[in-house]
Structure formats: structure tokens, C-alpha cells
Amino acid sequence: MVRSHSRKSSLKSVDLASLETTNPFIKLVKDQEIVEVPELELESGLTLHNFPIAYKTWGELNERGDNVLVVCHALTGSSDVADWWGPLLGPDVAFDTSRFLVVCLNSMGSPYGSFSPLNVNPDSGEVYGPEFPLCTVRDDVRAHKIVLDSLGISSVACVIGGSMGGMLALEWAATFGSKYVKNMVALATSARHSAWCISWSEAQRQSIYSDPNYLDGYYSLDNQPVVGLSAARMSALLTYRSRNSFENKFSRRSPSVAQEQKSKRKQNKNKPSNLQEHNLAIHNDGHRQSITHDRKDSVSSDTSSTTSLKSVSSSTSTSSVTSKTGKAIKPAQTYFSAQSYLRYQGNKFIERFDANCYISITRKLDTHDLARDRDEYDEDLDEVLESIQQPSLIIGIKSDGLFTYSEQEYLASKIPNSELKKIDSLEGHDAFLLEFKLINEYIIEFLKKNAKEITSSPPRLWQNEWDGEIVKNSLFGEAEEVTNW
Ligand SMILES: CC(=O)SCCNC(=O)CCNC(=O)[C@H](O)C(C)(C)COP(=O)(O)OP(=O)(O)OC[C@H]1O[C@@H](n2cnc3c(N)ncnc32)[C@H](O)[C@@H]1OP(=O)(O)O
Ligand SMILES: N[C@@H](CCO)C(=O)O
């Protein structure tokens, strides 16, 4: 793990304590900078003033101000590249901190420090909540460019991102051109959000809307619509993996005791005493907002789960629940490891994300269309892509059902100076966050070819904190040789 070395901006720093008053999620990201962007006109025509953008940097800027890698995060990521692409970050790996200044800026709408529904609206004195303005991917890159300027950056050696981050990478390349953005790497992404992806966003937002605690988005943070938000994350996760990765990982296994504990599925102390309670317990297992506990002791009042099927199962094998004819009831297995995984992931997510932010940032994805309002190309997507002059690397995942491999083929077929690489992983879309070895190799190879002046320069002798130890970067050896997976 490499620690960040903050590069200071000439923009005013935001008062963190005041931001944290209304946004408890900011403190999940350590050591980031948050600056105030004085003004930006959004694509919608609305002008924002003095709004926060969070960022982190690693490495040092060279004298020319051009050894910069801009790394863009995905939907629920933050500026902390070390947190989600850690193995790619450090001396001599893809995001080579001994030669590049690596910068990651947080997208608007995210709860991790940039302008979001959790900020106070100066006009009302209340948090924006559902009144937060629509911000697009193009708005993000224009806001982020203002921050890069404030860091003394003259041009970007390469912009890199996966999924939503890939949308930003494409917008960076199209908006600022090849004089400013020299190269681009886009993984598992699209030039415009597909009908399939828009539909998944919609289904996830509907989960949130249907939570009685949602209150049109005017909920208080201590009573978030966590049921809807966790359901949204569960269905999103299914789109991030593949059928075969789940089959491989879980099959029809039951969860282990540890997994069951992780999913917070409580044992019901009161075993079902009759057939109705027994059936009810199976029926509502995992229902987070069960009201039945008001009527029956036999159903847990725990907010994260209701009655434990395990107790039901054991009760049915050992208990006296019987049919009218006195026959012991033995239900088939109804609780599986795959379920406990989803419940755990849902629980984990509500600890780190906000429902209005989720709605805002999924709407951002839906608006993504590289051709929108690019009148010089008659809003023709082929023409917009053909205008991207930068050497580009497109990385696609064969099993990705969300941003399909054929979408990556399309990008590579239209962007003139591009190459396409494949990740043959079972993991589906999220392979862009998991298949570090291959991604590292592809990016190193691409940068060696296209950012040769920087990759072949001697490492800058800044002191690097690696695994807590202060070490000097090696002056010898090729990147591949020192990459120990
Ligand atoms: C401040 C911030 O948090 S910034 C945001 C960080 N996140 C991002 O950037 C978003 C991108 N990242 C992601 O989407 C994910 O982290 C990924 C795709 C990279 C990896 O997902 P993970 O959840 O870490 O991995 P995976 O899907 O394998 O799940 C592993 C977890 O499920 C648990 N688990 C596995 N099987 C089961 C099961 N049957 N029942 C219960 N739990 C299970 C594991 O114990 C593990 O728990 P842990 O997270 O407490 O270690
Ligand atoms: N797992 C990623 C997927 C979105 O591309 C995220 O949560 O950001």
C-alpha cells in the first residue's frame, strides 16, 4: 500500500468539519484534499458557485507539469485509488508513482467529498437532498479540469477509468482533445449508456423509492431508506458479476456459520410452535421490514432480518412442528450461501453510501452520451468517436453483461488510434476491479509505448512510503520484474 502525497491546489480548501456535519461518509476516505471550485456552468445551464471537489494524489509533478495520470473511479468508488485499484498503484506498477503524479478526483453526486446531495444548499440553508441538481459525466470532467489547473498541471499523460470511470475517460479525451489529454485507457464502459443499463438503474432507484423511509428523499440521515438502498445494491451486484461466477462461488451450498453471522441473520429464540408460524418464518426470511413481529413473538423484530430459517430448519428436523395428521414437517432447503452473500453486501453498502447520492449518481450514468450536444459532429456518435485522436487502449471483459464486450469492440473500431484487449474472466463486469494482474500488464505495455518519455525516465527520488517503511525506489529493473503478485 502506497500512501498519498498531497499536491496542494491554489484553490481554497473547504472546511472539512462543516462538510462532515451533514455528510458522515466523507470520513471514510482518509487523507484526501477537498477544494472549493469558484464557478462552473453545468450542462443544464445552471451555474454552481463555490462547490467542493475532493481529490487525492500520489507521486510528484515534474517540472513540465505533464507527467500526470488521471485515474477516474466507478459508480461507488472514491478518490482513494489505493482502496479499489491498490495493486495497480505504486512504484513500477501501472500507476507508477515513482514517475507519474497520479490524481483521482471524486465525481459529483458521490458521498465521498465532492458536491453532493449531502451538501448544504446556500439558498435554503438545508441539505440539498432530493433537490440536488443533475450533474453529468461531462460536468464532472469540466469541474475536475479546474482542479487540475489549480495543481499546476499543464497536460495529462493518460486518463484511465473503468465503468463510470471509463465514461469520464472518454469525456476527458473528447472534451479537452489530444493537446491536453495525451492518451486514454477505458475499461468495461460505453460511449453512451445502453437501454439495458438504464433499465437496471431504474429498477434500483425504484427499490429506494418503494422504501417507506424514503419520503421523496427528505429523510433524515439517522433514518435512511436502508431497506431500499440495500435491495438496490443487491440487484446492482448481480449485474456486476456473472451467472457462472455465482455458480462457481456458491453453487447450492448453505452459508457457513461465519457467513451467516456476516449477513446478520439472527437466530430466532422462539422456535415456531405451530405450522403457521413455521410457514411464515420461511416465507418472510430476509424481509427487513417485517411487521409480523407486532403480532407474533415467533418472528424476530430485528431490522436486518426476520426469523432464522436455520432455526426453522433445525426446528423442523428436531422440533415438534407437525401437520394435522401428526407428520413431522421437513422443508426443502430455502436458505443458500448466495443469499447470505447478497444480504451481507446489502448491509455493507448501507454503511458507506447514501440513498439520494445513489439516485443522483445513477442518473448521471443514464445521461451519459458522448454525442449529446456535440453539434460539430451533428451529435453522431460514430463521428465523435472518430474525432478522438489520442492513442487509446480499450479493455473489455468477455463475461460482462452490463457493458458488453461488443460495446468495447465498437469503441475500438471507431476510435482511430486504438487497440482492444480482452479479459477472459468469469467475474463479469466487476473483473475490471478484480483482474489486477492482466490490467496491470496491459496498462504498463500501453504506457511504455505511448508515454515513453515518462515511463523510460529514471524514477524520481522522492521518498516513498511503502508498507509503512520509508524506501527509495529502485533505480534498476523493469516494471514486470518487480511486480510481485
Ligand atoms: C470509502 C469507500 O468505501 S470507497 C468505495 C470502495 N469501493 C469501491 O471503490 C467500489 C468498487 N468496489 C467494489 O465494488 C467491490 O469492493 C469489489 C468488486 C472490488 C470487490 O467486492 P468485495 O465485496 O470486496 O468482494 P466480494 O464480492 O468477493 O465479497 C467479499 C466479501 O463477502 C463476504 N462473503 C463471501 N461469501 C459470503 C457469504 N456466502 N455470506 C456472507 N458473506 C460472504 C466475504 O467474507 C467478504 O467480506 P468482507 O468484505 O468483509 O471481507
Ligand atoms: N463495483 C463497482 C461497479 C460499478 O461499475 C462499483 O460499485 O462502483
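Biologist: Leaving aside neighbours within four places in sequence, which residues is Val 159 in contact with?
Modeller: Happy to start there, with the reminder that this is a predicted model. Contact here asks for C-beta atoms within 7 Å. Beyond its neighbours within four places in sequence, Val 159 touches Val 70, Cys 72, Ala 169, Trp 172, Ala 173, Val 181 and Met 184.

Biologist: Nice. Which residues have the most contacts inside the largest nonpolar core?
Modeller: That core has 109 residues. Its largest share, eight residues, comes from helix H4, residues 164-180. The residues with the most contacts inside the core are Val 159 and Ala 169.

Biologist: Where is the kink in H4 centred?
Modeller: Let's look at the span of the helix to begin with. H4 has 17 residues, and a straight helix would reach 24 Å at 1.5 Å a residue, but the end C-alpha atoms of H4 are only 21 Å apart. H4 also has a kink of about 65 degrees, and its centre is Ala 174.

Biologist: And which helices do the buried residues of H4 pack against?
Modeller: The buried residues of H4 include Leu 168, Trp 172 and Ala 174. They pack against strands S3, S7 and S8. The helices they pack against are H3, H12 and H13.

Biologist: Over to ligand 1: which helix gives the most to the shell around it?
Modeller: Ligand 1 is surrounded by 21 residues, with Leu 28, Gly 77, Trp 84, Gln 259 and Ser 340 the closest. By class, the shell has nine nonpolar, eight polar and four charged residues. Helices H2, H8 and H11 each give two or more residues. With five residues, the one that gives the most is H11.

How values were computed. Residues are numbered from 1 along each chain as its sequence is written. Chains are lettered from A and ligands numbered from 1 in the order in which they are written. This is a predicted model: local features need pLDDT of at least 70, side-chain atom pairs count only at pLDDT 80 or more; totals for chains, interfaces and linings use all residues. A nonpolar core is a set of buried Ala, Val, Leu, Ile, Met, Phe, Trp, Tyr and Cys residues joined through C-beta atoms within 7 Å. A residue is buried if 20 or more other C-beta atoms lie within 10 Å of its own, exposed if 12 or fewer, and partly exposed in between; C-beta atoms are placed from the backbone. Helices (H or I, at least four residues) and strands (E, at least two) are DSSP runs, numbered from the N terminus. Two residues are in contact if their C-beta atoms, placed from the backbone, lie within 7 Å. The expected span of a helix is 1.5 Å times one less than its number of residues. The bend at a residue is the angle between axes fitted to the seven residues ending there and the seven starting there. A residue is near a molecule or strand if its C-beta atom, placed from the backbone, lies within 6 Å of it. Ala, Val, Leu, Ile, Met, Phe, Trp, Tyr, Cys and Pro count as nonpolar, Asp, Glu, Lys and Arg as charged, and the others, Gly among them, as polar.
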